[in-house]
Amino acid sequence: MDYKDYYKILGVSRTASADDIKKAFRKLARTHHPDVNPGDKKAEAKFKEINEAYEVLSDPDKRKRYDTLGPNWRDQFNGFSGARRSAGSYPNYDPSGSGFSDFFEVLFGRSGGQGFPPGANGRASTAGMRSRAGENLEQTVEVTIEEAYLGSQRTFTIQAPETCSACRGMGQIGGRLCAKCGGRGSLNGQGKRLQVKIPPGVDNGSKIRVAGEGHPGAGGGPRGDLFLVISIKLDSAYERKGDDLYMDVDVDLFTAMLGGSVPVTLPDGKRLSLTIPAETQNGSLFRLAGKGMPHLKSEGRGSFYARAKVVLPMRLSPEERGLFEQLARARGVEAHP
């Protein structure tokens with residue numbers, strides 16, 4: 001028998017967890033199942049290969065032998081007593097046992113430990129299946145520094161999925177994939193407007209939970225939740241490091257040399273007067289405590305750092321140039337025209 005790389009077939013690494021393997025199988029099985037691709041021989045062959053790979057990698061003992069023995073793993077496999085399903089065959093519902101179809105258990109999940117009661121044709125039906133909560137959804141939301149500084153109220157339009165009315169969210173009818181939803185258990189719904197509060201202090205990766213706006217549940221189960229994942233929009237004026245903010249502040253040469261004050265504008269629009277001591281060097285940092293970003297999960301704020309950016313005068317008049325040359329001579333600096 002030719003050696004088959006089951007990990008490659010499922011698109012997972014050799015260190016993949018059992019959950020990763022199951023997720024990969026579910027995704028591929030939904031795409032290549034014969035009921036979704038009637039008459040497509042390539043899809044049928046691919047599905048058999050996927051099922052064969054999952055049959056081995058989902059069984060800890062078989063997987064261990066496969067990893068250890070490679071192409072000869074079947075020759076050394078003793079297995080359970082009785083007949084073994086042939087490699088690549090379709091998993092079926094067994095009406096004589098507790099009997100949950102291997103394929104549909106993985107693809108749609110087992111409900112409360114019960115199988116599907118067999119129908120008259122020996123296939124599973126959705127009757128008696130317990131409800132199952134819907135999966136959560138995530139959606140990235142871009143917010144500005146100003147919104148993160150103050151908090152805001154945003155209105156979003158989301159494409160909320162709806163429960164498939166044909167299969168009631170089960171993804172299958174009578175043991176076959178639902179033709180209406182393709183086995184997903186849900187259909188794209190109409191756009192829905194939501195008003196969501198963005199709390200002050202959110203940062204990249206922060207998540208805001210909107211209860212009950214995720215995928216619909218199956219069999220009357222509750223909907224999952226929607227999680228808005230925050231992405232902070234880059235800002236030309238402010239640089240954020242944790243809950244501290246940094247801003248370059250223009251300081252003219254004369255104020256830098258003699259001292260004075262310059263205005264600083266915070267993200268909320270408030271203007272502060274920043275005292276500049278005499279002989280301030282370019283790049284000097286001035287800390288304004290408690291004027292940075294709000295702490296998301298606690299009281300207080302970070303700091304605001306104003307970075308002095310000394311601006312040299314331009315387009316000097318002859319008189320001004322003469323004064324600078326006089327200053328240069330006084331400082332022992334040789335001036336070049």
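**Exercise 1.** Decide whether R315 in this predicted model is buried or exposed, and describe its backbone.

*Solution.* Step 1: R315 has a relative accessibility of 79%. Step 2: the cut-off for exposed is over 50%. R315 therefore counts as exposed. Step 3: to place the residue, look at the elements on either side. R315 sits in the loop that runs between β15 (304–311) and α8 (318–330). Step 4: turn to the backbone. R315 is not a glycine, and its phi has a positive value, near 55 degrees.

**Exercise 2.** Carry out the same steps for E279.

*Solution.* Step 1: the relative accessibility of E279 is 59%, so E279 counts as exposed. Step 2: E279 is found in the loop between β13 (271–276) and β14. Step 3: phi of E279 is positive, about 60 degrees, although the residue is not a glycine.

**Exercise 3.** Determine whether S206 is buried or exposed, and list its contacts beyond four places in sequence.

*Solution.* Step 1: S206 belongs to the loop between β7 (191–198) and β8 (207–210). Step 2: its relative accessible area is 14%. Buried means under 20%, so S206 is buried. Step 3: with neighbours within four places in sequence set aside, S206 is in contact with L228, V229, I230 and L296.

**Exercise 4.** Describe how helix α2 and helix α3 are placed against each other.

*Solution.* Step 1: choose the quantities. Two packed helices are described by the angle between their axes and by the distance between the axes. Step 2: the axes of α2 (residues 18–32) and α3 (residues 41–57) come within 9 Å and cross at roughly 165 degrees. Step 3: angles over 145 degrees count as roughly antiparallel, so α2 is roughly antiparallel to α3. Step 4: the crossing of α2 past α3 is left-handed. Step 5: name the residues that meet. From α2 these are I21, K22, F25, L28, A29 and H32; from α3 they are A43, K46, F47, I50, N51, Y54 and L57. Step 6: sorted by class, this contact holds 9 nonpolar, 2 polar and 2 charged residues.

**Exercise 5.** Describe the surroundings of L57 in helix α3.

*Solution.* Step 1: L57 has a relative accessible area of 3%, so L57 is buried. Step 2: not counting residues up to four places away in sequence, L57 touches Y6, Y7, L10, I21, R63 and Y66. One of these, I21, is also among the α2 residues that meet α3. Step 3: compare sequence and space for the pair L57 and D67. The two are 10 residues apart in sequence, and their C-alpha atoms are 9.4 Å apart.

**Exercise 6.** Which strands stand at the edges of the open sheet of 4 strands?

*Solution.* Step 1: the order of the strands is β10-β11-β15-β14, and the pairing is mixed. Step 2: β10 (238–241) and β14 (285–288) each have a single partner strand, so one side of each is left without a neighbour in the sheet. These two are the edge strands. Step 3: on average, neighbouring strands in this sheet are turned by 30 degrees against each other, direction ignored. Step 4: examine one pair. β10 and β11 (residues 244–252) run antiparallel and are joined by 4 bridges. In one of them, R240 has L245 in β11 as its bridge partner.

**Exercise 7.** Summarise the chain as a whole.

*Solution.* Step 1: the chain has 8 helices and 15 strands. Step 2: of its 337 residues, 37% are buried. Step 3: among contacts with a separation of 6 or more, 58% join residues 24 or more positions apart.

Terms used:
Residues are numbered from 1 along each chain as its sequence is written. This is a predicted model: local features need pLDDT of at least 70, side-chain atom pairs count only at pLDDT 80 or more; totals for chains, interfaces and linings use all residues. Side-chain values use heavy atoms; hydrogens and water are left out. Axes are lines fitted to C-alpha atoms, for helices over the stretch in contact, and angles run from 0 to 180 degrees between N-to-C directions. Angles under 35 degrees count as roughly parallel, over 145 as roughly antiparallel, 65 to 115 as roughly perpendicular and the rest as oblique. A crossing is left-handed if the near helix is turned anticlockwise from the far one by less than a right angle, and right-handed if clockwise. Contact means heavy atoms within 4.5 Å. Ala, Val, Leu, Ile, Met, Phe, Trp, Tyr, Cys and Pro count as nonpolar, Asp, Glu, Lys and Arg as charged, and the others, Gly among them, as polar. Buried means under 20% relative accessible area, exposed over 50%, partly exposed in between (1.4 Å probe, protein chains only). Two strands pair if DSSP finds at least two bridges between them.
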